Amino acid sequence: MGHDRYIGGLRKLVETVREASGGRTKLFIQIIDFLAIRRRPTKENFFGRYLELDVAYRRRLGELLQDSTWECAEDQAIRERMLSLSEEQIAQLLRPRDLESYRFGYRERVTDLDRPHIRDLPAALPGLFADAAQRCAEAGFDGVELHFAHAYTMASFLSALNTRQDGYGGPRENRVRLPLEVYAAVRQKLPSSLVLGCRFLGDEVIGGGNRIEDAVYFGVAFAKAGFDYLSISKGGKFEDAKQPKVGAAAYPYTGPSGHECMPTTHIGPPGPFGRNVPLAAAIRRAVREAGFSSLVVTSGGISSFWQAEEILRRGEADLIGAARQSLADPDWFKKIRLGLGDQVRRCLFTNYCEGLDQAHKPVTCQLWDRLQLPDDGEIVRTADGRRWTAPAWRSNLANS
Ligand SMILES: Cc1cc2nc3c(=O)[nH]c(=O)nc-3n(C[C@H](O)[C@H](O)[C@H](O)COP(=O)(O)O)c2cc1C
Ligand code: SF4
């Protein structure tokens with residue numbers, strides 16, 4: 001939603017869904033801001049081009065090699081010498097941030113106040129989010145969700161790792177300041193007919209990051225500000241992501257926090273099913289106790305009617321989100337409504353789909369993407385031959 005040129009295509013999407021569902025399906029869209037991340041460089045590129053040589057690095061190289069002549073050597077000679085260092089020596093030479101860029105690829109942080117565009121984020125982001133929200137309204141969406149979760153910019157402002165000294169970092173009330181300013185700017189521009197929610201983390205699942213106590217504080221602040229709903233997610237951070245291969249970028253769903261975000265059957269006790277519900281429940285309780293009515297959404301391993309109903313009945317959430325189950329069987333709601341729950345194609349929680357997303361490939365489900373059906377007709381397939389959409393479900397009762 002970063003530019004007007006996307007409005008036409010998105011309007012078509014909205015109209016298509018509206019027509020196909022007879023207006024029953026409501027379409028919401030997430031607005032996301034993210035900071036720059038680069039691919040992991042080759043050793044040659046890192047030392048040949050990316051590393052900024054300064055006086056300190058000349059001194060550090062001299063100390064490492066116990067040869068002070070490096071302090072006044074030519075740049076090219078220094079770069080070539082650095083290139084021949086062992087990994088152990090590189091770990092001693094580089095400052096922590098540069099070592100991270102060497103091993104993982106360069107990644108911007110909200111705390112990089114020496115960079116003007118990062119310093120000025122609090123001035124820029126409310127307007128950018130508000131303009132994006134206006135485009136969503138023009139495209140015809142029913143609701144807008146501000147993405148304050150996972151590895152995105154706004155989540156980094158909320159994070160306990162945000163130590164900005166400009167009033168937008170440090171204590172919780174400062175960390176929540178920009179998200180609230182973004183909310184206010186969006187609310188002002190968004191037509192009142194649209195729903196406005198946000199997604200944020202009940203737990204960042206990283207060392208020194210936010211825990212449920214922080215999330216409860218933010219939830220109450222968001223509800224007080226007037227968000228219509230709060231969608232609670234978990235983890236999905238860069239800080240514990242696996243080292244990418246050379247030439248690939250770090251991906252925030254590859255470490256323990258990422259596994260919590262999209263839990264598989266290998267996640268360990270108590271398994272993936274409804275794993276994040278206690279986070280949503282704690283936030284909802286605090287929001288209600290504070291006298292606010294924003295709805296709370298929970299998601300994560302919810303794939304059956306009874307599980308969803310029980311969560312709602314116990315008052316742990318007001319709405320259920322189901323990403324993978326809805327990909328595994330886009331008709332599962334309909335089947336349940338018709339009393340045909342035994343026909344639901346249940347998600348296996350293996351994250352085959354997430355692997356495709358990580359590889360920037362069209363996301364499909366292993367349960368249906370290789371199926372060939374006699375009545376397939378002219379279906380769209382991916383370049384590697386997978387069907388792009390789930391096979392149509394036909395039941396004698398489907399239209400009743
Ligand atoms: C392929 C894939 C893409 C996803 N993309 C997004 C996204 O764009 N925004 C988001 O907030 N969550 C995204 N998620 C996370 C889901 O919204 C959800 O939080 C997570 O999968 C756990 O819920 P589930 O068990 O119902 O899938 C994605 C998940 C998958 C599997
Ligand atoms: S590929 Fe299909 S079955 Fe596997 S986790 Fe994704 S949605 Fe579930």
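L61 counts as buried because 21 other C-beta atoms sit within 10 Å of its own, past the cut-off of 20. The model in which this residue is found is a predicted one. L61 belongs to helix α3, which covers residues 55–65. Leaving out residues up to four places away in sequence, the residues touched by L61 are W70, I78, R81, M82 and L93. I90 lies 29 residues away from L61 along the chain, and the two C-alpha atoms are separated by 9.7 Å. L61 also turns up in a core of 8 residues, together with F46, M82 and Y102 among others. M82 thus shows up twice here, as a residue touched by L61 and as a member of that core.

That core is separate from the largest nonpolar core, which runs to 56 residues. Within the 56-residue core, the residues with the most contacts are L146, A155, F200, L230 and I283. Helix α12, residues 212–225, gives the most to this core, with 7 residues. As for L146, its contacts beyond the neighbours within four places in sequence are I31, F129, V182, Y183, V186 and C198.

Now for the chain as a whole. The protein chain has 400 residues, and 34% of them count as buried. Its secondary structure comes to 18 helices and 6 strands, and the C-alpha trace spans about 85 × 55 × 45 Å along the principal axes. Of the contacts with a separation of 6 or more, 66% are between residues 24 or more positions apart.

Three of the residues touched by L146, namely F129, V182 and V186, also take part in a helix pairing, that of α8 with α11. Helix α8 covers residues 121–139 and helix α11 residues 177–189; their axes come within 8 Å and cross at roughly 35 degrees. The crossing is right-handed. On the α8 side, the contact is made by P122, L125, P126, G127, F129, A130, A133 and Q134, while α11 brings in L178, E181, V182, A185, V186, Q188 and K189. Sorted by class, the residues of this contact are 10 nonpolar, 3 polar and 2 charged. D131 has its place in helix α8 too. With 17 C-beta neighbours inside 10 Å, D131 falls between the limits of 12 and 20, so it counts as partly exposed. H150 is 19 residues from D131 along the chain, and their C-alpha atoms are separated by 22 Å.

On to the ligands. Ligand 1 has 18 residues around it, and the nearest are M262, S299, A323, R324 and D357. The shell around ligand 1 takes at least two residues from each of α16 and α18, and the largest share, 3 residues, comes from α18. By class, this shell holds 8 nonpolar, 6 polar and 4 charged residues. Ligand 2 is surrounded by 13 residues, the closest being R324, C347, Y352, C353 and C365. Helices α16 (324–328) and α18 (352–358) each supply at least two residues of the shell around ligand 2, but here α16 gives the most, with 3 residues. The class split for ligand 2 is 9 nonpolar, 3 polar and 1 charged. R324 appears among the residues nearest to ligand 1 and among those closest to ligand 2.

The backbone has a few spots worth a look. Most residues other than glycine have a negative phi, and most peptide bonds are trans. V205 has a phi near 60 degrees, a positive value in a residue other than glycine. V205 is found in the loop between β3 (195–201) and α12, and it counts as buried because it has 22 C-beta neighbours inside 10 Å. N351 likewise has a positive phi, near 70 degrees. The loop between α17 (332–337) and α18 is the place of N351. N351 is buried, since 22 other C-beta atoms lie within 10 Å. As for peptide bonds, P269 and P270 are joined by a cis one, with omega about -5 degrees. P270 is found in the loop between α13 (256–261) and α14 (277–289).

Methods
Residues are numbered from 1 along each chain as its sequence is written. Chains are lettered from A and ligands numbered from 1 in the order in which they are written. This is a predicted model: local features need pLDDT of at least 70, side-chain atom pairs count only at pLDDT 80 or more; totals for chains, interfaces and linings use all residues. Axes are lines fitted to C-alpha atoms, for helices over the stretch in contact, and angles run from 0 to 180 degrees between N-to-C directions. Helices (H or I, at least four residues) and strands (E, at least two) are DSSP runs, numbered from the N terminus. A crossing is left-handed if the near helix is turned anticlockwise from the far one by less than a right angle, and right-handed if clockwise. Two residues are in contact if their C-beta atoms, placed from the backbone, lie within 7 Å. Ala, Val, Leu, Ile, Met, Phe, Trp, Tyr, Cys and Pro count as nonpolar, Asp, Glu, Lys and Arg as charged, and the others, Gly among them, as polar. A residue is near a molecule or strand if its C-beta atom, placed from the backbone, lies within 6 Å of it. A nonpolar core is a set of buried Ala, Val, Leu, Ile, Met, Phe, Trp, Tyr and Cys residues joined through C-beta atoms within 7 Å.
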